[in-house]
Amino acid sequence: MPSYAVDSTKQPMIATGVVGVVPVWVERPDGGRRPTDEQARDEDTGMPLWTVEVMYQQTLFNRVSSVTAMVTVPSVQEPKPAMLTPITFEGLRVDVRLTKAKQLIESWSADGLVGTPATGRASKTGEAA
């Protein structure tokens, strides 16, 4: 799965104010998956994982549209971004893959929120494009 670094200062994003817990998923005997009540943790830091909903503009085929995405971030405490305010991430990246139905899926993640104490790993210089 290709992964792309995104310079959060050059890709403006607006926080919607929606924050959620990332659940741990388990395999069912029938081959399906289901979420549990347990919160997932970052493999490197052990911190709880949260999703922060953001809105941004994208251009496809010369058509500009607003898009929402969930960005997964590690944080000791639940992030509390103000609704409809600019938000900046450390180590923002997007993973892209195709589904079996040939649909393009984006999965956003970051090392943490800029200006928020007790978040994920420190940002890495030169990582963003």
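# Salt bridges, sheet and core in a predicted model

Biologist: At what relative accessibility does Glu78 count as partly exposed?

Modeller: Glu78 counts as partly exposed, the class between buried (under 20% relative accessible area) and exposed (over 50%), with a 1.4 Å probe and protein chains only. The model is predicted, so local features need pLDDT of at least 70 and side-chain atom pairs count only at pLDDT 80 or more, while totals for chains, interfaces and linings use all residues. Residues are numbered from 1 along each chain as its sequence is written, and side-chain values use heavy atoms, with hydrogens and water left out. The relative accessibility of Glu78 is 35%.

Biologist: With which side chain does that of Glu78 meet in a salt bridge?

Modeller: A salt bridge requires a side-chain nitrogen of Lys or Arg within 4 Å of a carboxyl oxygen of Asp or Glu. For Glu78 the N to O distance is 3.6 Å. The partner is exposed, with a relative accessible area of 67%. That partner is Lys80.

Biologist: How many salt bridges does the structure hold?

Modeller: Side chains of opposite charge can pair when their charged atoms come close. One of the salt bridges joins Glu78 and Lys80, and another is formed by Asp111 and Arg93. The number of salt bridges in the structure is 4.

Biologist: In strand S4, which residue is the bridge partner of Glu27?

Modeller: Strands are DSSP runs (E, at least two residues) numbered from the N terminus, and two strands pair if DSSP finds at least two bridges between them. S3 (residues 23-27) and S4 (residues 33-39) run antiparallel and are joined by 4 bridges. The side chain of Glu27, exposed at 56% relative accessibility, also meets in a salt bridge (3.5 Å, N to O) with a residue that is partly exposed at 48%. In both pairings the partner of Glu27 is Arg33.

Biologist: Which residue takes a positive phi in the hairpin of S3 and S4?

Modeller: This hairpin has 5 residues between the strands. The phi in question is near 95 degrees, and the residue that takes it is Gly31.

Biologist: Does Asp111 count as buried or exposed?

Modeller: Asp111 forms a salt bridge with Arg93, the closest N and O atoms being 3.3 Å apart. The pair links distant parts of the chain, 18 residues apart: Asp111 lies in the loop between strand S10 (104-109) and strand S11 (112-113), and Arg93 in strand S9 (residues 93-98). Because its relative accessibility is 1%, Asp111 counts as buried.

Biologist: Which strands stand at the edges of the open sheet?

Modeller: The open sheet is formed by 7 strands in the order S1-S9-S10-S6-S5-S2-S7, with mixed pairing. Each edge strand has a single partner strand, so one side of each is left without a neighbour in the sheet. From one strand to the next, the twist averages 40 degrees, taken between lines fitted to C-alpha atoms, with angles from 0 to 180 degrees between N-to-C directions. The edge strands are S1 (3-5) and S7 (85-87).

Biologist: Over how many bridges do S5 and S6 pair?

Modeller: S5 and S6 (residues 63-74) pair in the antiparallel sense. Gln57 has Ser66 as its bridge partner in S6, and Leu60 stands opposite Arg63. In the hairpin of these strands, with 2 residues between them, Phe61 takes a positive phi near 50 degrees. The number of bridges between S5 and S6 is 12.

Biologist: How many residues are in the largest nonpolar core?

Modeller: A nonpolar core is a set of buried Ala, Val, Leu, Ile, Met, Phe, Trp, Tyr and Cys residues joined through side-chain atoms within 4.5 Å. Met13, Val71, Ile87, Phe89, Leu92 and Trp108 touch the most other members. S2, S5, S6 and S9 each supply at least two residues of this core. Its number of residues is 19.

Biologist: In which strand is the place of Ser109?

Modeller: Ser109 is buried, with a relative accessible area of 15%. Contact means heavy atoms within 4.5 Å; not counting residues up to four places away in sequence, Ser109 touches Val71, Thr72, Gly91, Leu92 and Arg93. Of these, Gly91 is also buried, at 12%, in the loop between strand S8 (89-90) and S9. The place of Ser109 is in strand S10.
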